[in-house]
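Hi everyone, thanks for making time for this. I'd like to walk you through a structure that may be new to you, so please have a look at it with me.

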Amino acid sequence: MFSKKDFQAWGKQNAILFAAVATKIEGRKDDALLRTYGFRGFPSMAILDAAGTALTKQVPRNLYAMSNIVEAAPAYAKLSADIEAGNQVDQKQWLMAQLGMGKIAAKEAKAQITSVGLSEKAKARAEAMIFVLEMDELASSARGRKATAEDKMAACEAVYEAFKAGKRLPIGAGPESFVDDMLIDAAKSNKDKAAFTHAFERVKARNVAQIQSMQGYLPRYRADLEKNKDDEKKLARTKGTLKRIGEIIAEAEQKIADLEALAKQLKA
């Protein structure tokens with residue numbers, strides 16, 4: 001996340017970025033940072049206010065969600081405290097704060113969006129965030145361990161219907177890869193050039209990046225073959241890792257080939 005240029009540009013304007021490496025260094029003042037905020041694993045991420053209080057420790061790794069959270073967190077913290085104290089709060093502000101933080105289900109948000117009387121501008125923003133929530137929820141149900149083929153087919157149909165209705169995710173939103181994959185499947189089934197074109201470049205780029213990432217590991221593990229040649233267990237693990245890297249590369253290459261073939265079919 002920190003290495004992405006769009007995040008770096010946003011961070012310079014909207015936040016003070018700080019990263020703590022989870023390696024103990026004697027005398028370093030930030031060594032207890034993870035424990036201070038109750039983190040047990042790495043990587044962990046929190047958004048802090050000026051006093052160092054964690055406004056949230058549930059931070060999705062995408063710029064769209066992160067920017068919404070940073071904008072909404074102060075209002076969410078204040079309104080939450082007011083509600084807990086039994087005070088009345090502005091329901092428009094509360095709905096937008098919950099949406100920005102991702103603290104409300106899509107169905108509940110849709111039920112409130114008209115009743116709270118949002119302005120047209122706020123309503124449009126709320127509807128965009130609700131659509132992201134809907135696609136997030138759909139991705140969770142379709143990719144869960146208990147998801148069936150029917151669940152995945154229903155998810156594909158729901159994504160395709162939303163696309164035909166003109167709904168589009170904000171660029172870089174969390175469920176973007178899920179939606180793009182579903183649109184490619186829908187485009188293949190329905191011979192829909194528009195759906196395919198919308199998702200094609202991002203899906204291809206994602207697979208190209210996967211190949212490049214995996215290829216970056218090859219020199220290290222190939223060197224380990226020689227280093228571990230006298231240790232059967234380590235050698236077996238190294239060979240297994242290299243095999244899996246090769247499989248991932250082959251899978252990504254096949255996906256790219258399938259995409260290119262589908263592109264030609266839809267052009268014909």
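Before we start, one definition: helices here are DSSP runs of H or I with at least four residues, strands are runs of E with at least two, and both are numbered from the N terminus. With that in hand, we can place S115, which sits in the loop between α5 and α6. Please keep in mind that this is a predicted model.

Let's take the whole chain now. How many helices and strands does the chain have? There are 10 helices and 2 strands. Reading from the N terminus, the order is α-α-β-β-α-α-α-α-α-α-α-α. The C-alpha trace spans about 70 × 65 × 35 Å along its principal axes. Of the 268 residues, 35% count as buried. Among contacts with a separation of 6 or more, 52% come from residues 24 or more positions apart.

A word on the surface. The accessible surface of the chain is about 17,400 Å², and carbon and sulfur atoms hold 53% of that. As for charge, the chain carries 44 positive and 35 negative side chains, with the centres of the two sets 3 Å apart.

Back to S115 for a moment. Is S115 buried or exposed? S115 has a relative accessible area of 59%, and the cut-off for exposed is over 50%, so S115 counts as exposed. From S115 to D231 the C-alpha distance is 68 Å, and the two are 116 residues apart in sequence.

Next, please find helix α4, residues 91–101. Here 8 of the 11 residues are buried, so the helix is largely enclosed by the rest of the structure. The buried ones are W94, L95, M96, A97, Q98, L99, G100 and M101. And what covers them? The cover includes β2 (54–56), α3 (63–84), α5 (106–113) and α6.

Let's zoom in on one residue of α4, namely Q98. Its relative accessible area is 9%, and since buried means under 20%, Q98 is buried. Which residues does Q98 touch, leaving aside its neighbours within four places in sequence? Q98 is in contact with Y76, K103 and I104.

Now for a pocket, the second largest one, with a volume of about 710 Å³. Its lining is made of 28 residues, and D181, M182, I184, D185 and A186 lie nearest its centre. Several helices take part: α6 (120–143), α7 (149–164), α8 (176–190), α9 (193–227) and α10 (232–267) each supply at least two lining residues. Which helix gives the most? That is α8, with 9 residues.

Just past α8, have a look at K191, in the loop between α8 and α9. K191 has a positive phi of about 50 degrees although it is not a glycine. At 68% relative accessibility, K191 counts as exposed.

My last stop is A257, in helix α10. A257 has a relative accessible area of 39%, so it falls in the partly exposed class. A257 and I245 are 12 residues apart in sequence and 18 Å apart in space, C-alpha to C-alpha.

To recap, we saw a helix, α4, that is largely enclosed by the rest of the structure, and a pocket to whose lining α8 gives the most residues. Thanks for listening!

Notes: Residues numbered from 1 in each chain as written. Predicted model: local features only at pLDDT ≥ 70, side-chain atom pairs only at ≥ 80, totals over all residues. Heavy atoms only, no water. Buried < 20%, exposed > 50% of the residue type's maximum accessible area, 1.4 Å probe, protein only. Contact = heavy atoms within 4.5 Å. Areas by Shrake-Rupley, 256 points an atom, 1.4 Å probe, with all protein chains shown as cover. Lys, Arg positive; Asp, Glu negative; His and termini not counted. Charge placed at Lys NZ, Arg CZ, Asp CG, Glu CD. 1 Å grid on protein atoms, 1.4 Å probe; cavity = no way out; pocket = protein on both sides within 12 Å on 5 of 7 lines; lining within 4 Å. Points joined across faces, edges and corners; volume = space filled by probe spheres on them.
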